[in-house]
Amino acid sequence: MDENVVALAARLAGRAVESVEPVRGGGNNRLFRVRSDGAAFALKIYAGNARDSRERYAREFAGLSFLWRRGERRIAQPLALDEGERAGLYSWLDGGSGGAASEADLSAMCDFARALFDARLDPAAAGLAEAREAVFSPADLAAQLAMRLERLRRVEDAHPELRPLLADIAREVGRRLPDGAAADPLPPTARTLSPSDFGTHNALRTTRGLAFIDFEYFGWDDPVKLVADVLWHPGMALEASGRQKFFSEAADVYRVEPGFMPRFEREAPVYGLRWALIVLNEFLPEVWQRRLAAGAVDDAPAARARQLAKAAHLVERARCGVVVA
């Protein structure tokens, strides 16, 4: 084991450690299980450039600290942060991978979403940041899609297989979000706190039920985005029955906000296009390098071919308006 990692773990834990075991490499971080005096901790080292990693550890530590103080226990307890080393120490959650979502899991997710929506009324929540790539108006959503399209168009010459799909996405965005999309921001009372990458792909199965992990993009967001992201997320891969189950229960959480349903009907298909662009990130050199740095080693051409097929499927669903059914 790297002696620097052992020393970092001991410093954050404030005690000698018996072992530091690498657990897995994620797309954006390295995770270690730390053992000391019969206790286990999670040491998370955030990969990426200084600005990007700082944003992710700050969001995660602040969000978990806020929720823990409110009595939320379906999360890891944040214990210590070393900004210089871009590392955080958290309580260890014993559990298996979330995997495919059952009906009970979808209900548990909606229950957690309700707790986050209720937490918006806590005065301390006002100090939390906006979620990464939060959307508070159609204009925000249009701007994000334009930015993602532009980034991918820069690599079209190196990857000409992208060109037809990006053209399809641009046409569909123009149809659903014409120029001059409304820019009036969503009122604060209509917003929610969101993990911003929510689902069983970021959950552990523990003896007490689902525990939710990965709050690197946590913050304020539109509930429509939270719900639409779950319905579209390739990591969830929900069938129609699962999408209907989740949407029905999530709508019960957010229906108290009168603009929720109109916004969902207008914008939910557009989030499918947004997800198509997200899964194409593997074509961006800087993203691929970050994957390699975090230990997510794969064959680049094969990985990109998989992502291209996923993106094409998402675009077709969005074109047909298949969000819930």
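Here are some worked exercises on this predicted model.

**Exercise 1. Which strands form the open sheet, in what order, and which of them are its edges?**

Solution. Start with the order: three strands make up the open sheet, arranged E6-E8-E9, and their pairing is antiparallel. Next, look for strands that pair on one side only; these are E6 (96–97) and E9, the edge strands.

Now take the pairs in turn. E6 and E8 are joined over two bridges in the antiparallel sense, and Gly96 has Arg205 in E8 as its bridge partner. E8 and E9 are also antiparallel, over four bridges, with Thr206 standing opposite Gly209 in E9. The connection from E8 to E9 is a hairpin through two residues.

To finish, add the helix: H3 lies across E8 and E9 and runs at about 50° to E9.

**Exercise 2. How do strands E4 and E5 pair, and which residue of their hairpin takes a positive phi?**

Solution. Begin with the strands themselves: E4 (residues 78–82) and E5 (residues 87–91) pair in the antiparallel sense, over four bridges. One pair to find in the viewer is Asp82 with its bridge partner in E5, Ala87. Then step into the hairpin, which has four residues between the strands; there Arg86 has a positive phi near 55°.

**Exercise 3. Find the loops that hold Ser196 and Asp214, and give the phi of each residue.**

Solution. A little background helps: most residues other than glycine have a negative phi. With that in mind, go to the loop between strand E7 (192–194) and strand E8 (203–206), where Ser196 lies. The phi of Ser196 is positive, near 70°. Ser196 is also buried, because its relative accessible area is 14% and the cut-off for buried is under 20%.

Move on to the loop between strand E9 (209–212) and strand E10 (219–221), which contains Asp214. Asp214 is another residue other than glycine with a positive phi, near 70°.

**Exercise 4. Is Ser137 buried or exposed, and which residues does Ser137 touch?**

Solution. First place the residue: Ser137 belongs to the loop between helix H3 (103–119) and helix H4 (138–153). Then check its relative accessible area, which is 5%, so Ser137 is buried. Last, list its contacts, leaving aside residues up to four places away in sequence: Ser137 touches Ala182, Ala183 and Asp184.

**Exercise 5. At what angle do the axes of H7 and H8 cross, and which residues make the contact?**

Solution. Take the geometry as your starting point: the axes of H7 and helix H8 (residues 260–279) come within 10 Å and cross at roughly 135°. H7 is therefore oblique to H8. On the H7 side, the contact is made by Phe247, Ala251 and Tyr254, and on the H8 side by Phe260, Met261 and Phe264. Sorting the residues of this contact by class gives six nonpolar, no polar and no charged.

**Exercise 6. Where is Gly242, and how far apart in space are Gly242 and Glu103?**

Solution. Locate the residue first: Gly242 is part of helix H7, which covers residues 240–254. Its relative accessibility is 12%, so Gly242 counts as buried. Now compare the two kinds of separation. Along the sequence, Gly242 and Glu103 are 139 residues apart, while in space their C-alpha atoms are 7.0 Å apart.

Technical notes: Residues numbered from 1 in each chain as written. Predicted model: local features only at pLDDT ≥ 70, side-chain atom pairs only at ≥ 80, totals over all residues. Heavy atoms only, no water. Buried < 20%, exposed > 50% of the residue type's maximum accessible area, 1.4 Å probe, protein only. Pairing = 2+ DSSP bridges. Contact = heavy atoms within 4.5 Å. Axes fitted to C-alpha atoms, helices over the stretch in contact; angles between N-to-C directions. Parallel < 35°, antiparallel > 145°, perpendicular 65-115°, else oblique. Nonpolar A, V, L, I, M, F, W, Y, C, P; charged D, E, K, R; others polar.
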